[in-house]
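Got your viewer open? Let's take a walk through this model together, one selection at a time.

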Amino acid sequence: MRKSLAVAAASAVAGLTLLTGTPANAAPAAGTTVPSCVTASFMTPFDAVLLVEMENKCTTEQRVKPTFDRELSNVPCYALQPGQKASFKRDVIMAMTWKFGGLVSC
């Protein structure tokens with residue numbers, strides 16, 4: 001009886017592992033590079049503001065998020081339709097010392 005319970009428990013754990021983490025049904029990795037048809041320009045006006053202007057020149061919707069060399073909380077994900085533009089603006093201390101990491105998919 002104990003042996004059959006141990007086998008059943010091991011089977012259940014193996015089944016859960018298959019359901020939760022196989023590469024075939026894994027979601028696309030967040031943070032991957034966006035296509036080159038999505039452009040971005042980075043500015044630091046007044047040394048107190050981070051400003052990223054984005055434009056989707058692709059033929060499909062692109063979901064993008066700006067990244068920086070420092071941790072910045074609550075950076076939104078932008079769903080840009082073809083031809084659509086968006087701006088990300090955030091007040092920070094000493095903005096001129098920040099580096100723009102680029103856009104990643106989200």
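Start with the whole protein chain in cartoon view: read along the sequence, its pattern is α-β-β-β-β-β-β. That is one helix and six strands. Here, helices (H or I, at least four residues) and strands (E, at least two) are DSSP runs, numbered from the N terminus.

A bit of small print before we go on. Residues are numbered from 1 along each chain as its sequence is written, and this is a predicted model, where local features need pLDDT of at least 70, side-chain atom pairs count only at pLDDT 80 or more, and totals for chains, interfaces and linings use all residues. Side-chain values use heavy atoms, with hydrogens and water left out.

**Stop 1: the surface**

Switch on the surface. The accessible surface of the protein chain comes to about 7200 Å², and 61% of it belongs to carbon and sulfur atoms. Such areas come from the Shrake-Rupley method with a 1.4 Å probe; for residues, only the protein chains shown count as cover. Of the 106 residues in the protein chain, 25% are buried. Buried means under 20% relative accessible area, exposed means over 50%, and partly exposed is in between (1.4 Å probe, protein chains only).

**Stop 2: the E1-E2-E5 sheet**

Now select 38-43, 49-56 and 85-91, which are strands E1, E2 and E5. They form an open sheet in the order E1-E2-E5, with antiparallel pairing. E1 and E5 stand at the edges with a single partner strand each, so one side of each has no neighbour in the sheet. From one strand to the next, the twist averages 15°. Two strands count as paired if DSSP finds at least two bridges between them, and angles run from 0 to 180 degrees between N-to-C directions, using axes that are lines fitted to C-alpha atoms (for helices, over the stretch in contact).

Zoom in on the pairings. E1 and E2 are joined by six bridges, and valine 38 has asparagine 56 in E2 as its bridge partner. Five residues sit between these strands in their hairpin, where phenylalanine 46 takes a positive phi near 65°. On the other side, E2 and E5 pair over seven bridges. Click on valine 52 to find its partner in E5, phenylalanine 88, then on glutamate 55, which stands opposite lysine 85.

Is E2 enclosed or open? Six of its eight residues are buried, so E2 is largely enclosed by the rest of the structure.

**Stop 3: the E4-E3-E6 sheet**

Next, select 62-68 and 78-80, strands E3 and E4, and add 100-105, strand E6. These three strands form an open sheet in the order E4-E3-E6, again with antiparallel pairing. E4 and E6 are the edge strands, each pairing on one side only. The twist here averages 35° from one strand to the next. Three bridges join E3 to E4, and valine 64 stands opposite tyrosine 78 in E4.

Stay in E3 and show glutamine 62 as sticks. Glutamine 62 is buried, with a relative accessible area of 13%. Its side chain makes a polar contact of 2.9 Å with that of threonine 60. (A polar contact is a pair of N or O atoms within 3.5 Å; within protein, one must be able to donate a hydrogen and the other to accept it, and residues adjacent in sequence count only if both atoms are side-chain atoms.)

**Stop 4: the core**

Which residues touch the most other members of the largest nonpolar core? Select Leu50, Met54, Val64, Phe68, Leu72, Tyr78 and Phe88, out of 18 residues in that core. A nonpolar core is a set of buried Ala, Val, Leu, Ile, Met, Phe, Trp, Tyr and Cys residues joined through side-chain atoms within 4.5 Å. E2, E3, E4 and E5 each give two or more residues to this core, and E2 gives the most, with three.

Phenylalanine 68, in E3, is buried at 13% relative accessibility. Not counting residues up to four places away in sequence, its contacts (heavy atoms within 4.5 Å) include Phe42, Leu50, Phe88 and Trp98.

**Last stop: valine 34**

Finish in the loop between helix H1 (2-21) and E1, where valine 34 lies. Draw a line from its C-alpha to that of serine 105: the two are 71 residues apart along the chain, yet separated by 5.6 Å.
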